[in-house]
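Work through the exercises below with the sequence and the three-dimensional model side by side, and try each task before reading its solution.

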Amino acid sequence: MGLINDSLVETVFNKFPEKKDIPKQGEDIFTRWNFQDFQDGGYLNFTADRSDLFALSIMIENYASKHNSPLLASFESEKRYEFVKDRYMKMMKRLPRTWIIGDFNNPHLAQTLPETVQVLSCVGTPLATVWAVVTRGPDGPIGLIAEEYGIGKFRGFFSVLPDILQVALDAMGDVLVTTFDFNKKEYEFTKGGY
């Protein structure tokens, strides 16, 4: 499939051009809305800064924990992962499957994680600027996909529409030569990653 212009967001918009034309939400949604508000929105385009995406990411992670659902999270650097590592370790021990994608090259990272976790390096790929946090909702994958377009500035979308998230997951899987399946009831595990 490949990425359009090395952009995950543009790849999704190419498949769903009507979504590109949906007006962007104001940044105030990140301070005023709870996760149910985001879910009720269905599909939202946005621009945001790092702290806004961090808040939404925590809501998605909490949803995954509450519903014992698989989780995919990407990090722009090992330093960004280290910032949330302790919280993630607790969460990953309980979740049925976790994919950690990062622009880092540390084979020791994969050795200290639970068996249900797969670490994938995106070093040298266009995914190095992607902020993605995805879990399984009632009908399939839900979550946020964003790309850094300036220092600490992101553009992207939040969606509860499984078809849209699946296009993003498939494109990421093509780049990383893997499959992200949020609909399985049971997972087979391959320890580690890279």
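**Exercise 1. Leaving aside neighbours within four places in sequence, find the residues with which Phe35 is in contact, and place Phe35 in a nonpolar core.**

Solution. The model is a predicted one, and the contacts are read from it as follows. Once the neighbours within four places in sequence are set aside, Phe35 is in contact with Leu56, Met59, Ile60, Tyr63, Ile142 and Phe158. The next step is to look at the core: the largest nonpolar core has 35 residues, and Phe35 is among those with the most contacts inside it, together with Phe38, Leu53, Tyr88, Ile100, Leu144 and Phe158. Apart from this core lies another, of 29 residues, which includes Phe16, Trp99, Leu165 and Ala168. In soluble globular proteins, nonpolar side chains tend to be buried together.

**Exercise 2. Describe helix α5, stating which of its residues are buried and what follows the helix.**

Solution. Begin with the length: α5 covers residues 50-66, has 17 residues and reaches 24 Å from its first C-alpha to its last, close to the expected 24 Å. Next, list the buried positions, which are Asp52, Leu53, Leu56, Ser57, Met59, Ile60, Glu61, Tyr63 and Ala64; among these, Leu56, Met59, Ile60 and Tyr63 are contacts of Phe35. An α-helix has 3.6 residues a turn, so residues three or four places apart point the same way. Finally, move past the helix to Asn68, which lies in the loop between α5 and β3 (71-75) and has a positive phi of about 50 degrees although it is not a glycine. With a relative accessibility of 43%, Asn68 counts as partly exposed.

**Exercise 3. Locate Arg94, decide whether it is buried or exposed, and identify what it touches beyond four places in sequence.**

Solution. Arg94 belongs to helix α6, which runs over residues 78-94. Its relative accessible area is 51%, and because exposed means over 50%, Arg94 is classed as exposed. Not counting residues up to four places away in sequence, Arg94 touches Ser65 and Asn68, the latter being the residue with positive phi that follows α5. Ser65 and Arg94 are separated by 29 residues in sequence, yet their C-alpha atoms are 7.4 Å apart in space. A last step concerns the side chain of Arg94, a polar atom of which lies 3.2 Å from the backbone oxygen of Lys90.

**Exercise 4. Describe α8 by its span and its buried residues, and then characterise Val177.**

Solution. Helix α8 (residues 162-176) has 15 residues and reaches 20 Å from its first C-alpha to its last, close to the 21 Å expected. Its buried residues are Ile164, Leu165, Val167, Ala168, Leu169, Ala171, Met172, Gly173 and Leu176, and of these Leu165 and Ala168 are among the members of the 29-residue core. Just after α8 comes Val177, with a positive phi of about 55 degrees, a residue other than glycine. Val177 is found in the loop between α8 and β9 (192-193), and is exposed, with a relative accessible area of 73%.

**Exercise 5. Assess how compact the chain is for its length.**

Solution. Count the elements to begin with: the secondary structure comes to 8 helices and 9 strands. The radius of gyration is 15 Å, close to the 16 Å that the globule rule gives for 194 residues, so the chain is as compact as a globular protein of that length. Buried residues make up 52% of the 194 residues.

Definitions and conventions. Residues numbered from 1 in each chain as written. Predicted model: local features only at pLDDT ≥ 70, side-chain atom pairs only at ≥ 80, totals over all residues. Heavy atoms only, no water. Helix = DSSP H or I, 4+ residues; strand = E, 2+ residues; numbered from the N terminus. Buried < 20%, exposed > 50% of the residue type's maximum accessible area, 1.4 Å probe, protein only. Contact = heavy atoms within 4.5 Å. Polar contact = N/O pair within 3.5 Å; in protein donor to acceptor, adjacent residues only side chain to side chain. Expected span 1.5 Å × (residues − 1). Rg over C-alpha atoms; globule rule 2.2 N^0.38 Å. Core = buried A, V, L, I, M, F, W, Y, C linked by side-chain atoms within 4.5 Å.
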